[in-house]
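Student: Could we go through this model together and ask what earns each feature its label?
Tutor: Gladly, let's take a look.

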Amino acid sequence: MIRRLTLFALIFLGMDMPAARAEPGLLAALREGGLVIFLRHTETGSTAPDNLTAVMGDCATQRNLDETGRAQAVAIGTAFRELGIPVSRVLSSPFCRTLETAALAFGGAETENALSLPRHLDEAAHREMGEALRGLLPEPGFGGNWVLVGHSYHMMRAGGPAPQPQGAAVVMRPEGQGRFTVLAILPPDGWTRLARQRFAEAR
């Protein structure tokens, strides 16, 4: 069961909130490692479901990243490197849009079927997606940070916040046995804004 947070512990980094000023300790925590970043695939230009028709390995049957989404993924990866955020493992849903997000941002990923979308999104499937995400979380004490590139359903059904819009990320601290604490929610450009502010403060 997720530990309930106070209002001050749950940080929403929205369009009007400068990321580093909103939480000065976030970057330090990311650099220290031991966190999991759930990254929803970047922009596709649509939210039309394709789980019924998608054939894994055949991108022509799926909803794919558009040019905006590809640029977002590249920018996220660039910001991670500029900020010195260590990434020790990247797992991705087998859908083309998640694999491409991972490849453009982090150079690739291990395909993880537990992060995929089932054919039928009924209540039982939603529950299983939440359990699958919790089951992927490592026990505390691992080095670097893990990035899980997936779809919004997993995070929401695990009891976390909705990663909205496409390309949003939820930063979590695993607490063991599938439990986690949410440290921040970043919009797609939140990483770049964090890097820019860090650069400005260093001048």
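**Reasoning from values to labels**

Tutor: This is a predicted model. Let's start in the loop between helix H6 (152-157) and strand E6 (169-176), where Pro165 has its place.

Student: What makes the peptide bond from Gln164 to Pro165 cis?

Tutor: Its omega is near 0 degrees. Most peptide bonds are trans.

Student: Where is Gln177, and what is its phi?

Tutor: Gln177 sits in the loop between E6 and strand E7 (179-186). Its phi is near 55 degrees, a positive value in a residue other than glycine. Most residues other than glycine have a negative phi.

Student: Why is H3 called oblique to H4?

Tutor: The axes of helix H3 (residues 67-83) and helix H4 (residues 96-106) cross at roughly 40 degrees and come within 7 Å. Angles under 35 degrees count as roughly parallel, and 65 to 115 as roughly perpendicular. The crossing angle therefore makes H3 oblique to H4. As for handedness, the crossing of H3 past H4 is right-handed.

Student: Which residues of H3 and H4 meet?

Tutor: From H3 there are Arg70, Ala73, Val74, Ile76, Gly77, Phe80 and Arg81, which meet Glu100, Thr101, Leu104, Ala105 and Phe106 of H4. Sorted by class, this contact has seven nonpolar, two polar and three charged residues. Gly counts as polar in that sorting.

Student: How do you know that strand E3 pairs with strand E5 and with strand E4?

Tutor: Pairing needs at least two bridges. E3 (residues 87-92) and E5 (residues 145-150) are joined by five bridges, and E3 and E4 (residues 110-111) by two. Both conditions are therefore met, and E3 pairs with E5 and with E4. E3 runs parallel to E5, and E3 also runs parallel to E4. Among the partners, Val87 is bridged to Asn145 in E5, and Leu91 to Glu110 in E4.

Student: Which elements make the β-α-β unit, and what is its hand?

Tutor: E3, H4 and E4 make the unit, and the unit is right-handed.

Technical notes. Residues are numbered from 1 along each chain as its sequence is written. This is a predicted model: local features need pLDDT of at least 70, side-chain atom pairs count only at pLDDT 80 or more; totals for chains, interfaces and linings use all residues. Side-chain values use heavy atoms; hydrogens and water are left out. Axes are lines fitted to C-alpha atoms, for helices over the stretch in contact, and angles run from 0 to 180 degrees between N-to-C directions. Helices (H or I, at least four residues) and strands (E, at least two) are DSSP runs, numbered from the N terminus. Angles under 35 degrees count as roughly parallel, over 145 as roughly antiparallel, 65 to 115 as roughly perpendicular and the rest as oblique. A crossing is left-handed if the near helix is turned anticlockwise from the far one by less than a right angle, and right-handed if clockwise. Contact means heavy atoms within 4.5 Å. A crossover is right-handed if, with the strands pointing away from the viewer, the path from the first strand over the helix to the second runs clockwise.
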